[in-house]
Amino acid sequence: MLCRNRVPDEMPDAGMQAAAAQDLYIVLKPTLHPELGEIRIEGDLFAIGRNESPFAGYERSLVAEMSRRHARIFIDRGVAYVADLDSRNGTTVNGVRVKQKPQRLRAGDEVCFCGELAYRVELGMHLRVAPATARLLSITLVPERDDLGLQPLVISSFPFLISKGDEVFSRYADAYPHQVNYVSRRHAHIFLKEGAPFVEDLGSTNGTFVDGTRLDEHAVELGEGNVLAFGGRHFVYRVSLQWESASERTLTQMAPAGQEVVDAQAEAEKTTFIAAPDSFLDIFCVDAEAKQEDEAPVEVAEAPAGAAREDGPPRRRARWAIFLSELAEAFGRERGKGSRRRWQWAAAAAVVLALAGGGLYLRGAPERELAALMSSGDFARAAALAHRQLTERPEDAALAAQAADALLKARVPEWLTQVQAREFDRALAVVADMRALGAANVEVAPLAAELEWIGNLERFIADRGGPDAPIRIFTDEDRIRALVEYWRRDPRGHQRALARIEAQVPGFGDQYARALSLLRKLESDEAVYLSAIERLKTALEAERGKGDEAALDGVVRDYAERYPRLEGLAALRQRYRALPGSGGGDEGGDTP
């Protein structure tokens, strides 16, 4: 019998013990998209992923950069944490990226997922309510096979981490080394959600299976009689649930279905009892280096002839390995026929390998030419060559990336020269030329769009006379809104594209930084001055029908004092004075 009783690294303090009758809850209030509504988290574990609720119901553009298994928010010993699950676009807390270890969440923190969905954290306590229905006492995992010597597992504390480093599984390493290696160090975990047991795979190499179906990013509820397997066909168990009724306090389902009750002491000696919970802090701690060491090899050696095949994923052999194996086998069969026959086989093998190598060399000639042009700095010829190759191999993603990078190196320096010289039409012509050359490459269009946007931004600032020049009423509003709206539609996408350009053309970095600075200035102008213009028009409209020119003049003077960068106030006042009903005459005028 193995009874695993872990002692937690940290015990709850007196305050936590005093508040044992209360549970922590978390509220996430959106800051970038308030229309989404708040998220209230009352359980111990909450999944963040583009296919999880409520994110699956959001517009796809909002969750496009969110990973399927992006992050987890959990409560451990009365403290809230967020853990990033090695997501592609990351998780931040107050602007700092969450890396291998979970980050504690405090009231007022801002947590952001994939740079797009940001939330303000609120924490609170609510009274713990005793369950009105049956309460789960434990889960028994009964091995499906009796001939492997596996012990049943009785899990009475949650969460429970499935790990090959745990004695629950490592004890079988001597007898079944391959099968234990199919279990990852952080393979899966069993936890409770609203009183029901769930199992979640933690991104293991060889998977977790419920009734033969491999789990994806979602946790799956466990039910009576489910077949649960970890990493293959060896550690396979039948699930039995033991419940205690909240009203009668009686035990139900204490023995697996169909299993006769036997001597309790004898059974206890053959059972592993899990009496202490694991910690979510350990379950969701990502150690990239350890992960590489811990994961089991997917391929295993072929079993010897006549031997029982070990359970686990079959090995898939490469074509060249099959060829060499067959060649060696044939060579071995002919060994007794003399040295001459062996030399014939050796010569034949050399010819075959030489022909294969020559074919591969010729096939890779365009790639080598492209690499040579890039290394020599002849980016224009490299771009032309890459795009010619791409017309023949349009589905080659690696070639498309090379072609786009070569085009950036070839044309962006010229574009920079024209923008810095305020030759915006010539800069736009460079962008048009890039689009034409990269017409067959889907990676070029978004990069060209970023350059065009920066060119339009610089042109607008130059036309106005600088970033701090006056805001011209009836002239600048639409252009400011268009430039700002372009960025707001996909800020993460724009950042990735601009960062890629900077990576290929380091001299682009200063222009990139300047563009972001100008964008922030326009966003400020939009929030302050464009809003002021709309309020001014509303106020003038309200005063127009009163026939009081002094009131109109007073409104204009007030805005001129409060917003000194507004240009065109006199013309605006004149237009409203000329409108019918303003007391300024019957001459017509366009409604602003």
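What follows is a friendly exchange about a predicted model.

Colleague: Good to sit down with this one. Which side chain of opposite charge is nearest to Asp84?

Modeller: Asp84 belongs to strand E6, residues 79–84. Asp84 is buried and has no salt bridge. A salt bridge would need a distance within 4 Å, whereas the nearest side chain of opposite charge is 5.3 Å away, and that is Arg97.

Colleague: Which side chain makes a polar contact with Asp84, then?

Modeller: There is a backbone partner to mention too: the Asp84 side chain reaches the backbone nitrogen of Asp86 at 3.1 Å. The side-chain partner lies at 2.7 Å, and that residue is Ser87.

Colleague: Let's turn to the open sheet. Which strands stand at its edges?

Modeller: Six strands make up this sheet, with antiparallel pairing, and their order is E3-E2-E11-E10-E7-E8. A strand at an edge has a single partner, so one of its sides is left without a neighbour in the sheet; this holds for E3 (39–41) and E8 (96–97).

Colleague: And inside that sheet, which residue stands opposite Val93?

Modeller: Strand E7 covers residues 91–93, and strand E10 covers residues 110–113. The two pair in the antiparallel sense over three bridges. Opposite Val93, in E10, stands Val111.

Colleague: Now strand E16, please. How many of its residues are buried?

Modeller: We can take the strand face by face. On one side Ala196, Phe198 and Glu200 are buried, and on the other Pro197, Val199 and Asp201 are buried. For E16, residues 196–201, that gives six of six.

Colleague: How many bridges link E16 to E15, and how many link E16 to E19?

Modeller: Both pairings are antiparallel. With E15 (residues 188–193), Ala188 stands opposite Asp201 of E16, while with E19 (residues 220–221), Val199 stands opposite Val220. The count is six bridges for E15 and two for E19.

Colleague: Which residue takes a positive phi in the hairpin of E15 and E16?

Modeller: This hairpin has two residues between its strands. The positive phi is near 55°, and the residue taking it is Glu194.

Colleague: There are positive phi values elsewhere, I think. What is the relative accessibility of Arg77, and what is that of Arg422?

Modeller: Arg77 sits in the loop between E5 (71–76) and E6, with phi near 55°. Arg422 sits in the loop between H12 and H13 (424–437), with phi near 60°. Each counts as partly exposed, because the values fall between the 20% and 50% limits: Arg77 is at 28% and Arg422 at 40%.

Colleague: Why does Ala403 count as buried?

Modeller: Ala403 lies in helix H12, residues 397–420. Beyond its neighbours within four places in sequence, Ala403 is in contact with Ala386, His387 and Asn441. Buried means under 20% relative accessible area, and Ala403 is buried because its value is 0%.

Colleague: Which prolines follow the cis peptide bonds from Ser53 and Phe158?

Modeller: From Ser53, omega is near 0°, and the proline lies in the loop between E4 (45–48) and H2 (60–63). From Phe158, omega is near 5°, and the proline lies in the loop between E13 (153–155) and E14 (160–162). In that order, they are Pro54 and Pro159.

Colleague: One more: how far does helix H18 reach from its first C-alpha to its last?

Modeller: H18 spans residues 549–562, which is 14 residues. Its buried residues are Ala551, Leu552, Asp553, Val555, Val556 and Tyr559. At 1.5 Å a residue 20 Å is expected, and the reach is close to that, at 20 Å.

Conventions:
Residues are numbered from 1 along each chain as its sequence is written. This is a predicted model: local features need pLDDT of at least 70, side-chain atom pairs count only at pLDDT 80 or more; totals for chains, interfaces and linings use all residues. Side-chain values use heavy atoms; hydrogens and water are left out. Helices (H or I, at least four residues) and strands (E, at least two) are DSSP runs, numbered from the N terminus. Buried means under 20% relative accessible area, exposed over 50%, partly exposed in between (1.4 Å probe, protein chains only). Lys and Arg count as positive and Asp and Glu as negative; His and the chain ends are not counted. A polar contact is a pair of N or O atoms within 3.5 Å; within protein, one must be able to donate a hydrogen and the other to accept it, and residues adjacent in sequence count only if both atoms are side-chain atoms. Two strands pair if DSSP finds at least two bridges between them. The expected span of a helix is 1.5 Å times one less than its number of residues. Contact means heavy atoms within 4.5 Å.
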